[in-house]
Every structure is written in C-alpha cells, then in structure tokens.
Amino acid sequence: MGAHEHPQPQDADPAPGGIGRRRFLGYVLAASTLTVAAELGEAVLAPSRAAAVVPSAPGPAEIYDLNDMLTHATLPTANLITIRVDTDGTASFALPRAEVGQGITTSSAMLVAEELDLPLDRVRVTLAEARPELLFNQLTGGSNTTISTFTPIRVAAAVARGRLLEAAALELGDAVDTLTAKLGVITSSVTGKSLTYGELAEKAAAVTTSQVSVTLKKSSEFKVIGTAQRRVDALEAVTGRKKFAMDLHVPGALPAMVCRPPTINGTVRSVDNLDEVRAMPGITDVVGISTGVAVRGRTFGQCIDAVRALKVTWGPGTVDDASDDTIRAELRKAELPLPALDLLTKAVDARFIFHFASNSALETNCAVADVREDSAEIWASLKSPITAQEQIALSLGLPTSAVKVHVTEGGGSFGRKLFHDGAAEAAEISRATGKPVRLMWHRTDDFRQGRTHPMSTSRVRATYALGQVLTYDQRHTSVATDFGHGVGEIITSEAAQLPVGDLTFSETIFTLTQQTPYNFGVVTQLLSETDKGFHTGSMRNIYSPNVRCAQELIVDELARRMGKDPYQFRRTFLKDERARAVLDKAAEVGGWGRSMPAGTAQGIALHPEYHAYVAVLAEIDCRPGTTGRKVPDACTGPRVTKVVCAVDAGLAINPRGLQAQMMGGIMDGIAITLSSGLHLAGGHFLEGSWDNYFYTRQWNTPPELEIVVMPPTTGKPGGAGELAVAGAMAAVACAYGRATGTMPTTFPINHDGPLGFEPLPTTPPIPASPTDGLSRAY
C-alpha cells in the first residue's frame with residue numbers, strides 16, 4: 001500500500017489589478033532574531049466564487065460548511081501566528097492547535113520547510129500555550145487545522161525567506177536576484193559565496209514591524225508539499241520519549257484520582273470513613289469536589305486503593321432511571337414528522353437506531369494543576385485551551401491573565417479533548433488541597449462518567465417513480481450534543497453570516513455538516529434533540545457517520561427495488577465529478593462485482609465533507625465461525641475482510657499522513673458498525689473498559705487494506721481528519737445488508753445480542769483485583 005504520486009495542479013494567474021492567488025501580504029516583526037507573521041484579514045483565504053448548476057438545489061453545507069465557518073473565524077488573528085529563525089539555523093513555530101496523533105505538527109513543519117527552503121528536520125514545531133488574543137484561532141476540530149493554516153503558515157515562511165535573501169544580498173554585496181536559497185543556505189551565483197540562515201538570523205531581524213509583499217511558490221515548484229513524509233515525532237513516539245501530560249515533571253504534583261458516583265451526575269451525600277482513608281499508606285489528602293471524592297497520594301496505586309476503600313453515600317443523578325429502552329422511546333416521541341406521502345409514488349421508509357458510543361482515546365482524561373492563592377497553572381491536552389482558561393479562571397475566582405494553560409500533546413482525542421473536564425477537575429482538587437496534583441481518570445471513569453457520543457435515531461423516507469428518486473427526507477433525532485467547548489461562541493459571532501437562519505447550536509452544526517451527494521429531487525434533512533441529562537460531546541465526524549450510514553443503506557435499498565447495481569446506481573445520481581472519481585477508483589481497485597460465496601458480500605459507499613471526498617469498498621464475511629483466529633466469545637461476529645478507500649482531499653500536504661488518517665477512520669467505522677457501543681441501564685453504562693467495549697482489534701482488522709490517494713484536484717487542502725469514518729461505516733453496513741439479505745437498522749449490529757461480558761460493579765467503579773485493574777483500566 002502506498003500513496004500515489006501525481007502532478008500538482010497549476011495555480012491561477014494573478015487577477016488583473018489586484019493580488020493574485022499566490023500574492024500575499026505579511027509582516028516582519030520587531031525582534032532580536034528574524035520573526036515573521038502572515039497577513040491580517042479576509043484576503044488570507046478569500047474563497048474564489050464559482051458558479052455551479054446542479055439538477056437539485058444545493059444544501060447549505062454545499063455552499064458554506066462548518067469548515068468554512070471555522071476558517072473564517074481564524075482570519076482576523078492570522079497575523080498573530082509567527083515563525084522565528086534562530087542563530088542555529090532552525091525555524092521555530094508554535095502551532096496554536098492540539099496535536100493528538102493526527103500528524104498536524106508534521107504537516108505544519110512541511111509547510112514551513114517548503115516556503116522557507118529549509119530541511120524538514122530543521123523545523124521545530126511546538127504547541128502554543130493558551131493565548132486569548134488568538135480568539136477563535138486556537139480551536140482544534142472539524143478537520144480544520146490544515147485548511148485554515150495552509151496559507152498563513154506559508155505566507156509567514158515566505159516572508160522569512162525573502163527577508164533572509166535581502167540580508168544576504170547586503171552581506172555578500174550581490175543583487176537579490178543573483179542569490180538562491182536551498183536547504184537553509186543562501187548562495188551567490190556570481191561569486192559562489194554562501195551564508196547559512198543561522199548566520200543571517202540576527203542580521204535579517206527588524207527593529208520595527210513592517211508590512212511586506214510576498215509571492216508563494218507555484219504547486220509545480222513544490223519539493224516538500226505533496227511528498228510522503230514520516231512523522232517528525234515518530235522516533236520519540238516509538239522510543240517512549242514523547243511527553244504527554246502524565247510525563248511532565250511539575251514539582252510537588254502528586255497523583256490524584258476521584259471516586260465517582262455509580263450513576264451519571266450523582267452527588268455526594270456523605271463519606272462514612274473519611275479519617276480511615278486519610279490514614280491509608282501514602283495518602284496525603286481526601287477532599288470532596290463537585291464530581292465526587294478526590295484522593296491525592298504518593299502513587300496511583302495508593303490512590304486506587306483509597307478510592308476502593310471509600311464508603312460514600314450517593315445522591316441521585318440526572319438520568320437514574322434511564323436505559324436504552326427509555327431513551328429510544330424518548331427519541332421516538334421527539335421525531336419531527338415526515339412530509340405527507342404521495343400515494344402515486346413508491347417509497348423506501350426506514351428507521352435506524354444508533355446507540356451511545358465512547359470516544360475511546362488511548363490516553364484517558366488527565367491533567368496537572370498547580371493552583372495558588374492568586375494564580376493557577378494547568379498542563380493538559382486541550383483542543384480548546386482558551387475556553388478552558390476562561391472557564392477555569394471563572395471557577396477559581398481569578399482573572400484570566402492569572403491562569404496559565406499549557407497545551408501538551410495528547411494520546412488521541414476523537415472529539416473528547418474539545419472539553420476540559422479533566423483540567424477543570426484537577427484545578428478544583430488543587431485548590432481544595434492547596435497542593436499541586438497530577439490527576440488521572442481511571443479507564444472506567446472515561447466509559448461511565450466521561451463524554452459519550454449521544455444515542456440517536458434516523459427516520460428516512462425516499463420516494464421514487466419512473467427510474468428517478470423524487471424526494472429524500474431524513475429526520476435525525478438525538479440526545480442533546482454539548483457544544484459548550486468554544487464552537488458555540490464561533491457560531492454566535494458568525495450568526496449573521498451563516499446561511500441557516502435562527503437555529504440552535506446543534507441544528508446549526510447539523511445543517512453545516514450534512515449534505516446529500518446525490519440528485520434525489522427535493523431533499524430535507526432536519527435535526528431534533530431530547531434529554532440533556534448526559535455528558536455528551538462530538539465524536540469523530542459528529543453527526544455524519546450515523547446520518548450518512550442511514551442514507552447509504554437507503555441508497556442500496558433504492559437500487560435493489562429499482563433493479564440497479566448499487567455502484568452504478570450511485571454513479572448515475574452523483575452530483576459532483578470528484579465524488580464520481582473516488583467512487584470509480586474504489587470500485588476499480590476493489591474489484592466491485594466479483595463473485596463471492598454465500599454469506600459474504602461487498603458494500604460500497606461515498607461521503608463528502610469539508611471540501612473532500614472519500615469512497616470506501618468493504619468486503620464482509622458473515623458466516624459463523626469463520627474468523628480463523630482465537631478471539632473472545634463475544635467477538636465472533638461478522639468480520640470485515642477487505643477495505644479499499646479512495647480519497648480526494650484536494651492537495652494532500654503529506655500523502656502518508658493522509659493514508660494514516662484514512663486507516664484510523666476506517667477502523668472507527670468498522671467498530672461503530674459492528675461492535676462498539678455502550679449499554680445504558682439504571683442510569684449508568686455497563687461497559688467499564690476495553691475488554692468489554694469491543695473496538696476494532698488486531699483480530700478483526702481487514703487483512704486486505706488499500707488506501708488510494710487521488711491526484712490533487714484543487715490547489716489547496718480539504719479536511720481529512722474525520723472523512724473516512726462515515727464512509728467506512730456506511731460501506732460496512734451496506735456489505736452486511738447484502739451478505740445477510742437484511743438491511744441492518746440498529747448499530748452497533750451486535751448491540752441487542754448477548755451482552756458477552758460481566759459488568760463491573762458500580763460502586764466503586766474500579767475493578768477489585770489489583771492485577772485485573774491494571775489490565776482492564778490502563
């Protein structure tokens with residue numbers, strides 16, 4: 001498997017009488033060594049307007065989507081993102097986003113290396129601390145990082161390169177146009193003399209800030225962008241030297257854990273053995289906090305012992321009587337009505353159920369906090385650090401400027417780290433004890449009290465006649481999704497410009513993300529929400545996996561009823577040539593239509609989002625006992641045996657990184673289709689760790705997996721971080737339906753079968769056996 005190399009698209013010529021697509025303004029900042037920034041304002045990423053005529057009216061997300069909103073929100077502070085060239089010849093860049101494994105430190109370094117003509121290993125990318133002045137330019141989500149920073153980073157690097165060339169011209173006594181910059185060295189074509197960037201860093205510095213004009217490289221000149229690169233942090237990751245929050249040395253910060261209620265949002269009424277637990281070996285503090293009872297000790301093992309020993313009387317939670325069945329009934333009542341059915345047309349009508357799911361990041365919720373009387377310092381992996389800083393300061397009664405928030409690298413997120421629950425809790429414990437703490441959530445805490453992807457249903461009806469689909473109506477109903485992590489503020493600030501009218505936060509996000517790639521006549525897709533008693537949040541791709549899975553299953557059913565091949569049916573009705581190209585490529589490489597044994601089948605699906613397209617072909621084996629491997633009894637269900645993914649993400653900065661993103665998304669899609677879901681009963685989730693939350697494992701990953709990176713179709717990148725999840729989920733679901741002869745309507749597919757595990761006790765929600773606790777929880 002490998003990334004396919006293709007020629008880059010040619011850039012547009014400059015617009016007459018104005019700044020062209022490659023001509024930008026930047027800044028040289030006053031500093032001791034060369035420091036530069038991108039330009040300020042709308043011109044940074046002003047989108048070109050292109051007319052499009054399609055048989056069906058485009059939906060809001062086809063005109064202006066969530067990614068556009070996030071990008072536009074970053075523009076006013078683009079000039080605050082700076083690059084510094086140091087005397088050792090390296091370039092340093094503090095990325096105002098969170099690296100949680102998606103590889104943005106590598107792609108950002110590639111952008112700097114390209115425009116600065118510097119070796120990739122000479123670019124140092126760190127994560128910026130919370131900077132309130134960045135406003136909405138420090139939020140990581142919606143597959144937006146590469147899109148929104150693509151031009152500002154390049155502009156800043158190009159300004160630096162130009163400034164270094166000017167300094168070299170003065171030093172060497174040659175004209176700038178006789179100098180060439182390559183690999184961090186500037187050489188004169190007249191005298192052959194050369195100077196390194198390090199030698200010029202101080203000479204190129206400025207005493208006052210000034211505005212300059214730069215021209216970015218044509219795509220045909222790229223030597224780094226578009227090439228497959230290994231991650232710049234790969235060696236540190238595989239050798240264990242990579243620093244996460246729990247690896248940091250903060251003087252005096254001892255381990256801390258929390259004894260949590262047995263049901264969601266339960267409260268502490270009393271603690272019967274407080275003094276006894278405080279006297280346990282290694283325990284320094286036991287304090288009540290808003291979410292339970294916190295213990296601080298010399299080791300995490302001692303903290304676990306203390307949490308187990310606590311005898312707490314708990315008050316009720318917010319959803320104590322809730323179960324899968326009660327939530328399903330609430331969702332059914334809250335469904336918005338479908339339009340009246342025309343009796344002269346035929347219809348496909350179905351209702352799909354999607355159960356609660358966990359973000360399942362490898363790194364559990366954790367943070368380090370040191371709260372003093374007049375200040376606080378926090379270390380955590382945060383995708384919305386400014387919101388964290390503001391809200392923690394408010395809870396501590398401190399001015400925002402007195403709370404310093406350091407963003408650490410994270411071991412996965414999938415939406416989880418948009419919220420700062422762990423950081424806020426660590427700050428509360430540190431304030432209550434008067435000591436610094438190193439808080440870590442137990443794995444069971446994450447599953448039972450952490451953020452979940454909300455349970456939802458999708459009611460879909462499509463009508464057809466005479467070989468045409470006339471209407472497509474979808475009513476998606478969900479337990480409320482919490483958007484109180486910074487995106488809500490962006491929606492509020494952009495409200496007047498959004499093409500969605502007066503909608504709630506959730507409805508706005510839904511409208512700006514959901515689209516139908518097919519010409520299906522009159523299309524409506526609406527969201528309604530219910531029940532706000534849960535801890536919820538965005539999981540990778542937000543609504544799209546569930547919404548698009550339901551839609552693609554309906555497409556398969558339409559094709560079957562109309563006597564069409566599922567692939568050809570999709571191809572006929574697709575709106576966009578880019579979508580058609582990835583669909584064709586997946587079908588070609590995957591051998592669509594090949595003969596397969598009974599009980600096995602292919603499925604194919606497509607997903608457009610954030611100016612990118614993916615098509616996934618999946619093959620599944622639903623025959624009993626054919627996994628061919630020793631696996632848990634509860635995991636002997638269907639197995640995906642082959643996946644082919646064709647992806648068009650516009651200009652792929654790092655094709656190898658893009659492949660990795662697709663692989664991760666495919667594994668997510670397989671999991672939430674077949675096996676990964678949370679069972680709700682008695683106000684809590686039964687799953688307590690990964691031994692009973694059946695995420696995709698080595699035994700059920702597809703033996704055949706191929707990712708095809710399509711030739712660049714645009715001169716700029718599209719969003720890719722979430723793209724493959726919905727495509728993979730839909731393709732696997734369609735394959736399952738074709739293999740079994742029955743369209744699946746409940747996800748994960750194994751949810752209503754035997755539980756397959758013995759749930760952990762609810763109090764305390766930590767395994768009783770020390771050995772078992774380590775294997776299950778960590």
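Visitor: Over the ring of which tryptophan does the charged end of arginine 443 sit?
Guide: This is a predicted model. The charged end of arginine 443 lies 4.0 Å from the centre of the ring in question. That ring belongs to tryptophan 690.

Visitor: Over which ring does the charged end of arginine 260 sit?
Guide: Here too a charged end sits over a ring. For arginine 260 the distance to the ring centre is 4.0 Å. The ring is that of tryptophan 441.

Visitor: In what order do the seven strands of the open sheet run?
Guide: The pairing in this sheet is mixed. Its edge strands, each paired on one side only, are β12 (283-289) and β19 (403-407). From one strand to the next the twist averages 20°. The order is β12-β13-β10-β20-β17-β18-β19.

Visitor: What is the bridge partner of leucine 254 in β20?
Guide: Strands β10 (residues 254-259) and β20 (residues 437-440) run parallel. Three bridges join them. In β20, leucine 254 has as its partner valine 437.

Visitor: At about what angle to β17 does helix α11 run?
Guide: Two helices can be set against the sheet strands. Helix α8 (residues 300-309) lies across β10, β12, β13 and β20, at about 25° to β10. Helix α11 (residues 421-433) lies across several strands, including β17 (366-371) and β18 (376-380). Its angle to β17 is about 35°.

Visitor: Is the aromatic pair of tyrosine 472 and phenylalanine 520 stacked or tilted?
Guide: The structure holds ten aromatic pairs, and this is one of them. The centres are 6.3 Å apart, with 40° between the planes. Stacked requires planes under 30 degrees apart and edge-to-face over 60, so an angle of 40° makes the pair tilted.

Visitor: How many residues apart are tyrosine 472 and phenylalanine 520?
Guide: Tyrosine 472 is in strand β23 (residues 468-479). Phenylalanine 520 is in the loop between α14 (505-513) and β24 (522-530). The pair links distant parts of the chain, 48 residues apart.

Visitor: What is the angle between the planes of tyrosine 518 and phenylalanine 520?
Guide: These two rings form a stacked pair. Their centres are 5.1 Å apart. The planes differ by 20°.

Visitor: Why does tyrosine 518 count as buried?
Guide: Buried means under 20% relative accessible area. Phenylalanine 520 counts as buried because its relative accessibility is 1%. Tyrosine 518 counts as buried because its relative accessibility is 1%.

Visitor: Which residues do ring pairs link into a cluster with Phe520?
Guide: Tyrosine 472 and phenylalanine 520 are both buried. Ring pairs join Phe520 to a cluster. The other members are Tyr472, Tyr518, Phe569 and Phe573.

Visitor: Which residues form the covered face of strand β7?
Guide: In a regular strand, side chains alternate between the two faces of the sheet. In β7 (residues 185-188), the uncovered face holds Val185 and Thr187. The covered face holds Ile186 and Ser188.

Visitor: Which residue in the turn between β6 and β7 has a positive phi of about 55°?
Guide: Strand β6 (residues 179-182) pairs with β7 in the antiparallel sense over four bridges. Threonine 180 stands opposite threonine 187. The hairpin has two residues between its strands, and the residue with the positive phi is leucine 183.

Visitor: Which residue takes a positive phi near 80° in the hairpin of β7 and β8?
Guide: β7 and strand β8 (residues 194-196) pair in the antiparallel sense over three bridges. Valine 185 has threonine 196 as its bridge partner in β8. Five residues lie between the strands, and the one with this phi is glycine 192.

Conventions. Residues are numbered from 1 along each chain as its sequence is written. This is a predicted model: local features need pLDDT of at least 70, side-chain atom pairs count only at pLDDT 80 or more; totals for chains, interfaces and linings use all residues. Side-chain values use heavy atoms; hydrogens and water are left out. Two strands pair if DSSP finds at least two bridges between them. Axes are lines fitted to C-alpha atoms, for helices over the stretch in contact, and angles run from 0 to 180 degrees between N-to-C directions. Contact means heavy atoms within 4.5 Å. Rings of Phe, Tyr and Trp (its six-membered ring) pair if their centres lie within 6.5 Å; planes under 30 degrees apart count as stacked, over 60 as edge-to-face and the rest as tilted. Buried means under 20% relative accessible area, exposed over 50%, partly exposed in between (1.4 Å probe, protein chains only). A charge sits over a ring if NZ of Lys or CZ of Arg is within 6 Å of the ring centre and within 35 degrees of the ring normal.
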